[in-house]
Amino acid sequence: MEFLSNLALGFATATSVANLGFCLIGVILGTLVGVLPGIGATATIAMLLPITFQLEPVSSLIMLAGIYYGAQYGGSTTAILINMPGESSSAVTAIDGYQLARKGKAGTALAVAALGSFFAGSVATFLVAIFAPPLTVVALKFGAAEYFSLMVLGLVSSVALAHGSILKALAMVVLGLLLGLVGTDIYSGTPRFIMGIREYADGLNFVAVAVGVFGIAEILRNLESEQTREVMKTSVRNLWPSREDFRRMIAPMLRGTALGSALGILPGGGAILASFASYTVEKRMSKTPQEFGRGAIEGVAGPESANNAGAQTSFIPLLTLGIPANPVMALMVGAMIIQGIVPGPNVATEQPALFWGIIASMWIGNLMLIVLNLPLIGLWVKLLTVPYYVLFPIIMAFCSIGVYSVRSNVYDLYAVAAFGLLGYVMLKLRCEPAPLLLGFVLGPLLEENLRRAMILSRGDPATFVSRPISAGLLLLSLVVLVVVFLPQVRKKRDEVFVEDN
Amino acid sequence: MKTEIDKGDAIAGILFILAGLFFAYQSLGMELGTSLRMGPGYFPLVLAGVLILLGITVMVKAVRNEAEPIGPLAIRGILLILPAPIFFGLTVRGLGFVASLFLTALIAAFASRKMKPHYAVLLAVLVTIFSTLVFSYALGLPFQRFGPWLRF
C-alpha cells in the first residue's frame with residue numbers, strides 16, 4: 001500500500017492552491033508557446049528558469065513540467081490547423097491532422113488529439129509512479145563506473161535519434177562535453193578554457209547556452225525568409241467525435257500509449273521517435289492504409305498518444321537516475337540544481353513530497369489541458385495570426401532579463417550572443433543542437449565519474465567492463481552505435497526523419 | 001556522376017577540427033596527470049582528440065555526389081538580434097533596467113524588414129512597462145530601475 005500512500009502524498013502536494021496555480025500557469029504558457037511559431041518548449045523553459053529561482057522547488061518544477069506537456073498539446077493544434085507543427089514531436093500529426101482539417105473535420109482531429117493525449121498521459125503518469133521507485137532502488141546501487149557507462153549510453157542514444165548525419169551529431173556531443181568543462185576544475189582548482197575571463201570561472205551559464213543555441217538560433221532562422229502564415233479560415237466546430245470516430249481511435253490510442261511509454265524512457269528524445277514509430281505501426285496494421293496521408297483518424301490518435309506518453313515517461317530517467325533524456329529534461333536538471341537539489345535516486349527518499357508531487361501534477365496538468373484546450377481552441381487560433389515580427393523583440397527582451405537574473409553576470413549575456421551565433425551557424429551546417437546541449441550538461445558529470453571510477457579501481461580501466469551493470473550499459477551503447485551505422489538502418493532512419501523537414 | 005563538395009559538411013568539419021585544436025592546445029598547457037589520478041587536462045585532451053578525428057571524417061565525407069546548398073543567411077537578423085543581449089549587458093548597470101530594456105527591445109525590433117519605426121517604439125514601450133511591472137515590482141528581481149548614468 002506504499003504506492004497508494006505515496007500517490008496520496010503527491011496529490012496532497014500538487015493540489016495545494018499555489019501548486020495548482022503554477023501548474024495552470026505552466027500548461028497555459030506551454031500551450032501558448034506550442035501554438036506560437038519560433039519559440040519551442042526548450043527555449044521557453046530556458047527563459048523562465050531564472051524566474052523559478054524565486055519559487056518553492058516543487059512549484060517551480062511543476063510549472064516547468066506543465067510548460068513541457070502543454071507545448072506538446074499546443075504543437076498539435078498548429079499541426080492540425082495550419083500544417084505547421086509547433087513542436088517536432090507533432091510533425092507526424094500534421095500529416096493526417098491537416099488533411100482532416102481540410103476536409104472540414106478540424107474539430108474532430110483536435111478532439112481526437114486531445115483525448116488521445118489525455119488518455120496516454122494518464123496511463124504514462126501511473127507507469128512513472130509504478131516504475132520509478134523500484135528503479136531508484138537499483139540506481140542507489142550504482143557506482144561511479146555505472147554512472148559513467150549510463151551517461152555514455154544516454155549520449156550515444158541522443159546521437160542515434162538526432163536528425164541527419166550521425167557523424168556530425170557525434171561531433172556535436174563531443175563539442176558539448178568540452179564546452180561543459182569550461183570553468184574551474186573541481187579536483188585541482190585549475191581554471192580551464194576561460195581565456196582569462198574570470199567571470200566564466202564558474203563555468204558557462206547553462207541557461208545562456210540553452211537560450212542561445214535553441215532560442216536565438218531559431219529566431220535568426222525565422223528571420224531568413226519572413227513569410228506570412230495562412231491560417232485555416234474554416235471555423236472549428238463539431239468538436240465531439242462521432243461514435244464511428246471513437247471506435248476507430250481506441251486501438252491506435254492503446255498501441256500508441258504502449259509504444260510511447262516504452263520509447264520515452266530511452267535517452268535522447270523518445271517522444272519524437274515514438275510518434276514516428278506509432279504512425280508507421282498504425283499504417284501497417286490498418287485495413288485501409290491508402291487513407292493514411294489523406295486524413296486517417298488513426299494517424300492522429302496513435303502518434304498523439306505516443307508522443308504524450310513518451311513525454312511523461314521521459315521523466316523516469318530524470319527522477320530516478322538524474323540523467324536527462326532530452327534537452328527539456330536537461331533544463332529540469334538545471335532547475336533542480338538552481339534549487340539546491342541534486343538530481344538522482346536520492347530525490348525520491350529525501351524529498352518524497354517533491355518527487356510524488358511532480359508525478360501527481362502531471363496527471364492534474366493533463367486534465368487541465370483537456371478541460372482548457374477544447375473550449376479555448378478559438379483563442380489559440382486567433383493567436384496564430386500574431387505576426388512574427390511582433391513576437392521576437394518580446395522574446396529577446398525576456399531572454400536578456402532571464403539570463404541576466406540567474407547570477408547577475410553580464411558576461412552571461414555576451415555568452416547568449418556567442419551561443420546564438422554558434423547555434424545559428426550549426427543550424428545552417430545541418431548540425432543538431434540537442435546532442436550539444438546534452439553533452440554540455442553531462443560533461444562535468446561524465447568527467448567526475450570517470451575520474452572517481454579510475455581512482456576506485458586504482459587506475460585500471462577494466463573496471464568499466466568487469467562490473468556487470470556497467471559492462472551491460474557499454475555493450476548496449478556499442479550495439480546502438482553499430483546499428484545506426486548499418487547501411488539498411490541508415491536508409492530506414494533517413495526515411496523516418498525525411499517527413500519531419 | 002559528378003563529384004561535388006558539400007559546403008555545409010566541409011565547413012562543419014573545419015570548425016570541429018579548429019575547436020578540437022583549440023581545446024587540445026589549451027589542455028596541453030595544463031597538468032595531464034595519470035590515468036589513475038587524472039589531471040585537469042587529461043579528459044579534455046582525449047575529447048579534443050576525438051573531436052579532431054570526427055572533424056576530419058566529416059570533412060572527408062563532404063566530397064560526394066550530391067551537395068546541398070546552405071541557403072540564405074539572416075544577415076540583418078545577425079546584425080541586430082545578436083547585439084541586443086550584448087547591449088543589455090553593457091548598459092543594464094549604467095542606464096538601469098528600464099532604459100536599457102527599452103533600447104534592447106528597440107534594437108531587436110528592427111531585425112525584421114516588416115517592422116515600421118513607430119510600431120517598434122510602441123512595442124518597446126509596452127515590453128518595458130510589462131517587464132518592469134512583472135519582473136521588477138511583482139517578482140522583486142534585484143534590478144536598479146534607473147542607473148547612475150541617468151542621474152545628474
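A:Lys168 is buried in this predicted model, with a relative accessible area of 4%. Its salt-bridge partner is B:Asp9, and the closest N and O atoms of the two are 2.6 Å apart. The pair crosses between chains. A:Lys168 sits in helix 8 of chain A, residues 166–180, while B:Asp9 sits in helix 1 of chain B, residues 7–28. B:Asp9 also counts as buried, at 6% relative accessibility. Both values qualify because buried means under 20% relative accessible area.

The predictor reports its own confidence in the complex. The ipTM is 0.93 and the pTM is 0.84. For chain B, the mean pLDDT is 88. Of the residues in chain B, 97% reach a pLDDT of 70 or more.

Over all chains, the count of salt bridges comes to 15. One of them lies within chain A and pairs A:Arg451 with A:Asp185. Their closest N and O atoms are 2.8 Å apart. A:Arg451 belongs to helix 19 of chain A, residues 433–456. A:Asp185 lies in the loop between strand 1 (183–184) and strand 2 (191–192) of chain A. The two residues are 266 apart in sequence, so the salt bridge ties together distant parts of the chain. Each partner is buried. A:Arg451 has a relative accessibility of 2%, and A:Asp185 has a relative accessible area of 1%.

A further salt bridge links A:Arg407 and A:Asp412, with 2.9 Å between the closest N and O atoms. Here the two partners fall into separate exposure classes. A:Arg407 counts as partly exposed, at 30% relative accessibility. A:Asp412 is buried, with a relative accessible area of 0%. Salt bridges can also share partners. In this way A:Asp185, A:Arg192, A:Glu447 and A:Arg451 are joined into one network.

Cysteines were examined next. The structure holds zero disulfides over all chains. A disulfide is a covalent bond between the sulfur atoms of two cysteines. A:Cys23 is buried, at a relative accessible area of 1%. A:Cys399 counts as buried too, at 4% relative accessibility.

Empty space inside the protein was then searched. Rolling a probe the size of a water molecule over the atoms shows where empty space is left. The whole structure contains two cavities of 30 Å³ or more. The largest has a volume of about 100 Å³. Its lining is made up of 13 residues. Those nearest the centre are A:Tyr73, A:Thr77, A:Leu110, A:Ala114 and A:Asn373. Three elements of chain A each give two or more residues to this lining: helix 4 (57–82), helix 6 (106–140) and helix 16 (352–383). By class, the lining of the largest cavity has eight nonpolar residues, four polar and one charged.

The second largest cavity has a volume of about 40 Å³. Its lining consists of A:Leu7, A:Phe11, A:Thr125, A:Phe126, A:Ala129, A:Ile359, A:Ala360 and A:Trp363. Helix 1 (2–14), helix 6 and helix 16 of chain A each supply at least two of these residues. Seven of the lining residues are nonpolar and one is polar. No charged residue takes part in the lining of the second largest cavity.

Terms used:
Residues numbered from 1 in each chain as written. Chains lettered and ligands numbered in written order. Predicted model: local features only at pLDDT ≥ 70, side-chain atom pairs only at ≥ 80, totals over all residues. Heavy atoms only, no water. pLDDT = per-residue confidence, 0-100. Disulfide = S-S within 2.5 Å. Buried < 20%, exposed > 50% of the residue type's maximum accessible area, 1.4 Å probe, protein only. 1 Å grid on protein atoms, 1.4 Å probe; cavity = no way out; pocket = protein on both sides within 12 Å on 5 of 7 lines; lining within 4 Å. Points joined across faces, edges and corners; volume = space filled by probe spheres on them. Helix = DSSP H or I, 4+ residues; strand = E, 2+ residues; numbered from the N terminus. Nonpolar A, V, L, I, M, F, W, Y, C, P; charged D, E, K, R; others polar. Salt bridge = Lys/Arg side-chain N within 4 Å of Asp/Glu carboxyl O.
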